[in-house]
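Please open the model in your viewer and keep the selection panel at hand. The stops below are meant to be taken in order, each with something to select and something to look for.

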Amino acid sequence: MNGASHNPRNASQRSGRSGPLDAVLALRDKFGGGNDRVAGKGRGRASFNLRNRLLLVGGALGLCSIALVGRALDLQVISNDFYRQQGDARSLREIPIPTSRGMITDRNGEPLAVSTPVESVWANPQELLKNPARIPQLAKALGVSPDALTRKLSQRAGKEFVYLKRRINPDEAKRILAAKIPGVFSQREFRRFYPQGEAMAHILGFTNIDDLGQEGLELAFDDWLRGKPGAKRVIRDGAGRIVESVDLVKAAEPGRDLTLTIDRRIQFLAMRELRSALERTGASSGSTVVLDIATGEVLAMANLPTYNPNALSVGNPDTHRNRAVTDVIEPGSTMKPLTVASALEAGVITPHTKFDTNPGWMPNGKYRTTDHHNYGVLDTTGVITKSSNVGAAKIVAKVPNQEYYEFLKRFGYGHKTNSGFPGESSGVLAPPSRWSGTTKQTMSYGYGLSATPLQIAQAYAALGNGGKLIAPTFVKGERHEPVQVLDPAIAGTIMRMMQTVTEPGGTATQAAILGYHVAGKTGTARKFNEFGGYSRRYVSFFAGVVPVNNPRFSMVVVINDPDPAKGYFGGFVSGPVFKSVMEGSLRLMDVAPDDIDTWMAAQAAAEAKRAKANGGKPTGTVLPAPTHASAALPAPVGLVTPPGGAR
């Protein structure tokens, strides 16, 4: 046969067909790839069909294309939820919207605690560590060493968030961000600021770096003040920058404001006079509480030493506690009016009952109960006027143990006042089953039990309120139900007895206020020593109510550890603080005088003195100059420690 008859090209030509395969075969023939030229060389090799092979490859590629299109359709249309979530997780973020705490104001709307916007600088360690050359520049802007910053970032290399500097001035944050260091950002936060500084520190407390209440009323009302942060969805780019705000998930709810019963003006008066007393007497610390008798509202509560809540890193943390509600002390002779009241209620004495206090002491087990002087025979009022320990001991001996215990409990001793202040102490009032043979006798003049200054102020407020006890409150508008703990007639009798304490012949004439009748009681209690006995160190008290005829304020002053060489009796140490603070408070609250005769007499005497100095000519109406607690006072002469008692 002719070999040409077997050539595919010829066959194609004969059939009149041509195509891409024929072109490939033609090229093969042209460059020596034909079957007839390689027949001799290709003997022994298996022949192959190029057309079929190319069809096979094309079919495989087609199937792959169909599979890819199907998979893409599945991912993008049919089953796209998972991958959409994964994509969103890398670009879509839900970030919090910070909110401010509510403002705290005093009773007159003066701001005591406010939240101010600040910035916190943070970084993405993964992004920042990719640019180590920029770390020294960032460290300089932050005010830290490059090594410390590098170590901090390295320890959190697997995280995407770390704070670099928190709660700083927005201008400082802007300066740090101006360097445009990769992976460094800022976010808005709020910082608490206390405009009144240390004067209100113990009442308000403070917040931590996360703006959560830690002490005082900031802690007690944290849920009320804190508010609720919001949330929003944003899209971030690869560098962590917010590209777009997508959705508001939850709106931020700012904290609610809180109005306190505190009067800022009276608080500053109390702080100023307390500081003056500590400087005058060399005492180590002091506390004072002022209550509104009719409502139980705390108008002022001052403690020294104090601290600045705007600079917590400075100073001693021991100064953070509110001594007026956390520290318990033996109340000394401030207990004597209650001892007398319990005996009057029990019907075992009358206001005119006589008590022989000779020779100025009486036995108390292996100890003695002594008076500062031998006061001889005293009636019930005289026991309070002269602050006789012997007289108080003889009175309490007539009162049954259980009745005396229950009486003191009714007046708030031995349990918290329910003021709501964090960390409030309940004091110590042991039941009669735990009394020894000397306990009740020493309790009658203020030893063997303990109380906080707030508890003492509450008890005296009850005496001034016709025997109705009202739990103290720090929130304006909050009212606790009064509890009748003493017959109003007996409460009035005790008030008149305590009035003699501030009048001539009493132990606290330095607490008298011109134009007002003042009812009060001094107290001077010895402090425990490390051996379980009593030392020659003292706590000096004055507790009082003013004015007597229409009681408005109850105030307690406690001065701890005054220098005995400068005087330590309660009337001398604490009485002037009461006088100065109450003088100012009565004027600020526009309380009418209840002792006009004395006021007019003093006015006339002052006018006569001025007229005499002016050659007998009248000079017009002149008011007597008020006495200030910081005025120089003569040191007491021949002070003697009252053995076994308080005065």
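Contact, throughout this tour, means heavy atoms within 4.5 Å. Bear in mind as you go that this is a predicted model.

**First stop: α14 and α20**

Select P337, V340, A341, L344 and E345 in α14, and then add I490, T493, I494, M497 and M498 in α20, since these are the residues through which the two helices meet. Sorted by class, this contact of α14 with α20 divides into 8 nonpolar residues, 1 polar and 1 charged. If you now show α14 together with the whole of helix α20, residues 488-499, you will find that their axes come within 10 Å and cross at roughly 140 degrees. The crossing of α14 and α20 is right-handed.

**Second stop: α14 and α16**

Keep α14 (residues 336-346) on display and add helix α16 (residues 389-396), which packs with α14 at an angle of about 30 degrees, the axes lying 9 Å apart. Angles under 35 degrees count as roughly parallel, and α14 and α16 are therefore described as roughly parallel to each other. In passing α16, α14 makes a left-handed crossing. To see the contact itself, select K336, T339, V340 and A343 on the α14 side, and N389, A392, I395 and V396 on the α16 side. This contact of α14 with α16 has 5 nonpolar, 2 polar and 1 charged residues.

**Third stop: α6 and α7**

Move next to helix α6 (residues 135-142) and helix α7 (residues 146-155), which pack at an angle of about 110 degrees with their axes 9 Å apart. That angle makes α6 roughly perpendicular to α7. Select I135, P136, L138, A139 and L142 in α6, which meet P146, L149, T150 and L153 in α7. By class, the contact of α6 with α7 has 8 nonpolar residues and 1 polar residue, with no charged residues.

**Fourth stop: a cavity**

How many cavities of 30 Å³ or more does the count give? The count comes to 1 cavity of that volume or more, and about 50 Å³ of space lies in the largest cavity. To outline the largest cavity, select L291, D292, I293, G296, Q458, A461, A462, N465, K468, L469 and I470, which line it. The elements that give two or more residues to this lining are β9 (285-292), α19 (453-464) and β15 (468-469). Of these, α19 contributes the largest share of the lining, with 3 residues. By class, the lining of the largest cavity has 6 nonpolar, 3 polar and 2 charged residues.

**Fifth stop: backbone details**

Most residues other than glycine have a negative phi, and most peptide bonds are trans. With that in mind, three places in the backbone deserve a look.

Begin with K180, which has a positive phi of about 50 degrees although it is not a glycine. K180 lies in the loop between α8 (170-177) and β5 (184-193).

Select N358 and P359 next, where the peptide bond from N358 to P359 is cis, with omega near 0 degrees. P359 is found in the loop between β11 (354-356) and β12 (361-364).

Finish with V546 and P547, where the peptide bond from V546 to P547 is likewise cis, with omega near -15 degrees. P547 sits in the loop between β18 (534-546) and β19 (553-560).

Key:
Residues are numbered from 1 along each chain as its sequence is written. This is a predicted model: local features need pLDDT of at least 70, side-chain atom pairs count only at pLDDT 80 or more; totals for chains, interfaces and linings use all residues. Side-chain values use heavy atoms; hydrogens and water are left out. Axes are lines fitted to C-alpha atoms, for helices over the stretch in contact, and angles run from 0 to 180 degrees between N-to-C directions. Helices (H or I, at least four residues) and strands (E, at least two) are DSSP runs, numbered from the N terminus. Angles under 35 degrees count as roughly parallel, over 145 as roughly antiparallel, 65 to 115 as roughly perpendicular and the rest as oblique. A crossing is left-handed if the near helix is turned anticlockwise from the far one by less than a right angle, and right-handed if clockwise. Ala, Val, Leu, Ile, Met, Phe, Trp, Tyr, Cys and Pro count as nonpolar, Asp, Glu, Lys and Arg as charged, and the others, Gly among them, as polar. On a 1 Å grid over the protein atoms alone, a cavity is a set of points where a 1.4 Å probe fits but cannot get out, and a pocket is an open set with protein on both sides within 12 Å along at least five of seven lines; lining residues have an atom within 4 Å of a point. Grid points are joined across faces, edges and corners, and a volume is the space filled by probe spheres set on the points.
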